[in-house]
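This report describes a helix pair and then a sheet, with the cut-offs given where each term is used.

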Amino acid sequence: MNILAFESSCDETAAAVVADGRKVLSDEIFSQVALHEIYGGVVPEIAARSHLEVISLLADRALEKAGLARADIDAVACTYAPGLIGAVLVGVNFAKSAALALGKPLIPVHHIRGHIAANYLAFPDLEPPFLCLAISGGNTMLVDVRGYTDMRILGQTRDDAAGECFDKSARVLGLGYPGGKPIDELSKKGRDDAYDLPRPAVHGDNPYDMSFSGLKTAVVNLAHHAQQTGEELDKAGLAASLCRAVSEMLVSRTMAAAEALGHRRIAVAGGVAANSRIRVDFQAACEKTGRTLYVPPLRLCGDNAAMIGAQGYYEFLAGHTAGPDLNAYATKEL
Ligand code: KG4
């Protein structure tokens, strides 16, 4: 079954064709980073307009690269939530029109389910159940993946996402946007014990919930203090200490959940899964406890439409299709 899939929830417009949920036939991504860079973050209105400009072209290219004609497409899938509402709406409306024009089913896909499904593309043998940590620019969730469409959130951030913590920290350190990658690169030149950063605990009875705003504030305060006093900041040391703090918070909760639920397989997904410290720490923790780790290659970690096509296949098998009244949502339960 060939699914033409679209992703437009934030600052990447993407179109892909995926066969039977597992095989990527094409995977086109247009990144808007250059458009938002000067603002230091994503401007929702600019994002929506840019999606509109390129989505049709990307759809044609995805078909061409897959070597398929429109008639070879069996269904159309799109991210319908969560995300910047104007941006998600562009993908949803384009997908609706495409499904209608082709006379094929329309499949709505939750963006985080898509990130989790990136693992099905990277690891053909991976099947639920497994535990997945989904870490992106807007979400940080620990998910018990019981089935392809049966998921339970075990814990999540109460405030900022892990990616947001990296992005805001990078901004005060003058590293540009998006900040996760430059912080990751800079961290390799610094000592991870250069700064004693907090690992904020969360009040309440859910041991798997997380909080990143205190960590972000600690970095911002250090940067402002250095500016005001003229003291030289060890930026590489701060980047390394930040990566270590974020990684420790994520790895400790994930491993505790794996232990409590008896999961032997752990997957990591989302843009922040590209972080080298997080990858190394997860690998070490899994090796130590005899668990298997799944982390997709970098291209499949960030936003892409292939992951939407992968999850779309399983949503279709579960009967989750939509009509032309499908709406877009800024937030939505997993
Ligand atoms: O999954 P994604 O592409 O978009 C969302 O769905 O949000 O994730 C983007 C996030 C940004 O916050 C970016 O700074 C972060 O992923 N990121 C990284 C790295 N590469 C991207 N964070 C830490 N280390 C990286 N190497």
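Helices α7 and α8 are roughly antiparallel to each other, a label for angles over 145 degrees, because their axes, which come within 11 Å, cross at roughly 170°. The contact (heavy atoms within 4.5 Å) is made by L215, V219 and L222 of α7 together with L238, L242, A245, V246 and M249 of α8, and these residues divide into 8 nonpolar, no polar and no charged. Axes are lines fitted to C-alpha atoms, for helices over the stretch in contact, with angles running from 0 to 180 degrees between N-to-C directions; helices (H or I, at least four residues) and strands (E, at least two) are DSSP runs numbered from the N terminus.

The model is a predicted one, in which local features need pLDDT of at least 70 and side-chain atom pairs count only at pLDDT 80 or more, whereas totals for chains, interfaces and linings use all residues. Residues are numbered from 1 along each chain as its sequence is written, and side-chain values use heavy atoms, with hydrogens and water left out.

An open sheet of 5 strands follows the order β3-β2-β1-β4-β5 with mixed pairing, where strands pair if DSSP finds at least two bridges between them. Strands β3 and β5 are the edges, each pairing on one side only, and the twist averages 20° from one strand to the next. Strands β2 and β3 run antiparallel and are joined by 8 bridges, with A15 standing opposite E28 in β3. Two helices are set against these strands as follows.

| Helix | Strands | Angle |
|---|---|---|
| α2 | lies across β1, β2 and β3 | about 25° to β2 |
| α11 | touches β1, β2, β3, β4 and β5 | about 125° with β1 |

Definitions and conventions: Parallel < 35°, antiparallel > 145°, perpendicular 65-115°, else oblique. Nonpolar A, V, L, I, M, F, W, Y, C, P; charged D, E, K, R; others polar.
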